[in-house]
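Let's take a relaxed walk through this protein. Keep the sequence and the 3D view open while you read.

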Amino acid sequence: MLAGFIPLAPLFRGMTSLYDRLADLSLEIEGFEFETHEMDTSAGFTRTTTVVTLHGPEETGRGEDVTYETDDHEVLWAARDAEDLDWDLPGSYTLDSFSTHLESVDLFPEPPTQETFRHYRRWALESAALDLALWQADTDFASALGREYDPVRFVASTRLDTADGGESGDGDSGADSAVEAERAAPSADRIHQWLAIDPDLAFKLDPTSEWDRAFCEELAETGAVRILDFKNYYEGTDVDSDPDPDLYRRVAEAFPDAILEDAKLTDETRDALAGTEDRLSWDYPITGVESVERLPIEPQWLNVKPSRFGSVESLLDTVEYCLDHDITMYGGGQYELDVGREHLHAVASAFYPDSPNDVAPRAYNVPEPHADVPPSPLEPPVDPTGLSWDGD
């Protein structure tokens, strides 16, 4: 078990399901609109998201589409501007009947760049509907579920610079030139800069094959690394990486207490990961209960990213499965730029507040470390309503 983090007890075995507590919430929708957000990030790219606002008679509900390709957002905006967006949303629903209605709505005017984006946009609508339904019921997410909001501990996720000022892993790891190898060497400067600002800050980092033993030991000496994300399950993205048994061994030995996320168990890597089974975790493959049951081993850790699930029902069913099977959860983010970040905090606060949640406030995603950031843990709102959680 990772030192300093306590798993939650199973929840209300045999009682009403989590989703059932929300499914019959009344929902009145009169219209919708979009709002665009962009920001340069510490990962070296410009993030674009679309906030969807659902309007009711007196209240509004908001959700954030975290689709990664800007082109997919621009197609959506163009269809809206041309009044060519066939979203028939106004009406009277329950939360559950609205979710069922969305199954017949094509949320992409053109096919998305990646099929996973369908879940992301679906979550924007579902979370906006949940937010609106809770506002219309004059309650909040935790209260509606019979739970309470607690302070949220978080870790910061950041890319590391290389010796030449680029990003770790951007170089050709197969280069045999000494100069190219030196240029690809990662630097821990960004970590030290953050720790100079907040000595108690913890991190989630993405190891690459350029992480040699000396570099792993330098990072480990900080005592600040909680999660190491190998990203070996991603397909068709800019962060795809292949399983590297030697890297697994170096990292597992240097960080004996850290969570090892999305390391792929294969015939070639099983030996390298032997003895780490109690700290293996999964992120990218997790889209619902069935995906958890398909994992190569029974997990003890899972990264829960609400947008990956698409629907409120799938998210809560998976959370409940984890609680019932003693699987410790921690939250994950997707560079949300607006209300989506609050939603991550609300879910984490209600279910896994003491975990190493990769849900640091937006201020941590800017390109350079700076002191104007809130520390961990984040205090919950005093008088919450809806799915909003403006503790940051």
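Start with the largest pocket, which holds about 820 Å³ of space in this predicted model. How many residues line the largest pocket? The count is 36, and Phe45, Tyr68, Arg159, Val239 and Tyr335 are the ones nearest its centre. Here is how the lining splits up by class:

| Class of lining residue | Number in the largest pocket |
|---|---|
| Nonpolar | 13 residues |
| Polar | 13 residues |
| Charged | 10 residues |

Helix H4 (117-136) and strand E6 each give at least two residues to that lining.

Strand E6 also belongs to an open sheet of seven strands, so let's go there next. Read across, the order is E6-E7-E8-E9-E10-E11-E12, with parallel pairing. Which strands sit at the edges? They are E6 (156-157) and E12 (328-331), and each of them pairs on one side only. Over at the E12 end, four bridges tie E12 to strand E11 (residues 301-304), and the two run parallel. Look for Leu302 there: it stands opposite Met329 in E12.

Now back to E6, where you'll find Ala156. Is Ala156 buried or exposed? Its relative accessible area is 3%, and buried means under 20%, so Ala156 counts as buried. Skipping its neighbours within four places in sequence, Ala156 touches Leu201, Ala202, Phe203, Lys204, Ala360 and Tyr364. Pro377 is 221 residues away from Ala156 along the chain, yet their C-alpha atoms are separated by 12 Å.

Notes: Residues numbered from 1 in each chain as written. Predicted model: local features only at pLDDT ≥ 70, side-chain atom pairs only at ≥ 80, totals over all residues. Heavy atoms only, no water. Pairing = 2+ DSSP bridges. 1 Å grid on protein atoms, 1.4 Å probe; cavity = no way out; pocket = protein on both sides within 12 Å on 5 of 7 lines; lining within 4 Å. Points joined across faces, edges and corners; volume = space filled by probe spheres on them. Nonpolar A, V, L, I, M, F, W, Y, C, P; charged D, E, K, R; others polar. Buried < 20%, exposed > 50% of the residue type's maximum accessible area, 1.4 Å probe, protein only. Contact = heavy atoms within 4.5 Å.
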